[in-house]
Amino acid sequence: MKHFFVLFALAYLGASLCVWWLSGFVPWFLLPDFPFLAIVFSGLFVPGIAGFLCALPPALFREITVSAPSWSMFLGSMALYFASREIGRRFLLRNEPSLLSAVVSLLAAESFSVVLLLSLSGARPFSFLWGAQEAVRIAWTSLIAVPLFLDLSVRWRRVKE
């Protein structure tokens, strides 16, 4: 239950901070995606059905706060949870470089899927400026994820012992 409340609070406070308080002052690509981080953390470190339940509220926050077609962000977030769960099962992610590469690869895969879906719908989403902004967003969110994930995982391992 602690996992659920901590990740719920992290996702809600991060989403509200980024969407409602800072969105007019800070460019979108400098704001970390806290619901994304909560979903990935629950997939990587929270085992079983508890991880799935921890990923549901942040997925709903992403659906509400992102202007996308109905249920597309929620379903994408659930796919992100299952992908991060498989990565967490198959690889040992206890050190910084492996955790950073996992988060960067998940963010890059999500960005690529958005570009692919927009391209298939007939839009031209990709430009050099958008690519640079997306690279900054991926780097910034990944650099925030590593200390946050390591701190939370160490704290929860200590609580279990």
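How many ångströms should the 18 residues of helix α3 span? Hold on to that for a minute while I set the scene.

Okay, so what we have here is a predicted model, where local features need pLDDT of at least 70, side-chain atom pairs count only at pLDDT 80 or more, and totals for chains, interfaces and linings use all residues. Residues are numbered from 1 along each chain as its sequence is written, and side-chain values use heavy atoms, with hydrogens and water left out.

Let's do the overall look. The protein chain has six helices and zero strands, so to speak in order from the N terminus: α-α-α-α-α-α. Helices here are DSSP runs of H or I with at least four residues, strands are runs of E with at least two, and the numbering goes from the N terminus.

Now back to my opening. Helix α3 covers residues 48-65, and at 1.5 Å a residue it should span 26 Å. The rule is 1.5 Å times one less than the number of residues. In the model, the end C-alpha atoms of α3 are 27 Å apart, which agrees.

You can do a similar check on the whole chain. A compact globule of 161 residues would have a radius of gyration near 15 Å, and the protein chain has 15 Å, which agrees. That radius is taken over C-alpha atoms, and the globule rule is 2.2 Å times the number of residues to the power 0.38. If you'd rather think in boxes, the C-alpha atoms fill one of roughly 50 × 30 × 25 Å along the principal axes.

What about inside and outside? Buried residues make up 41% of the 161 residues; buried means under 20% relative accessible area, exposed means over 50%, and partly exposed is in between, with a 1.4 Å probe and protein chains only. The chain exposes about 9300 Å², and carbon and sulfur atoms supply 72% of that. Those areas come from the Shrake-Rupley method with a 1.4 Å probe, and for residues only the protein chains shown count as cover.

Contacts next, meaning heavy atoms within 4.5 Å. Take the ones between residues at least 6 apart in sequence: 70% of them join residues at least 24 apart.

Now my favourite bit, the salt bridges. A salt bridge is a side-chain nitrogen of Lys or Arg within 4 Å of a carboxyl oxygen of Asp or Glu. A search of the whole structure finds five.

Start at Asp 33, in the loop between α1 (2-21) and α2 (34-45). Is Asp 33 buried or exposed? Buried, with a relative accessible area of 17%. Beyond its neighbours within four places in sequence, Asp 33 touches Arg 62, Arg 137 and Thr 141. With Arg 62 there is a salt bridge, 3.0 Å from N to O. Asp 33 sits in that loop and Arg 62 in helix α3, so the pair ties together parts that are 29 residues apart in sequence.

Arg 62 is buried too, at 3% relative accessible area. And Arg 62 has another salt bridge, with Glu 110, where the closest N and O atoms are 2.6 Å apart. Glu 110 lies in helix α5 (residues 96-120), so this pair ties together parts 48 residues apart in sequence. Glu 110 counts as buried at 14%.

Over in helix α6 (residues 128-160), Glu 134 and Arg 137 are three residues apart, about one helical turn. They form a salt bridge as well, with the closest N and O atoms 2.6 Å apart, and both are buried. As for shared partners, salt bridges join Asp 33, Arg 62 and Glu 110 into one network.

Arg 62 has company in α3: the buried residues there also include Gly 51, Cys 54 and Phe 61.

Let's hop to helix α4, residues 72-90, and begin with Leu 75. Leu 75 is exposed, at 54%. Together with Leu 60, Ile 64 and Trp 71, it forms a nonpolar surface patch with about 450 Å² of accessible area. Patches are made of residues with over 30% relative accessible area and no salt bridge, joining like charges within 9 Å and nonpolar side chains (Val, Leu, Ile, Met, Phe, Trp, Tyr) within 5 Å.

Ser 77 is in α4 as well, but counts as buried at 0%. Outside its neighbours within four places in sequence, Ser 77 contacts Ile 39, Ala 59 and, there again, Arg 62.

Last stop, Glu 86, also in α4. Glu 86 is partly exposed, at 29%. The C-alpha atoms of Glu 86 and Leu 44 are 7.9 Å apart, though 42 residues separate them along the chain.
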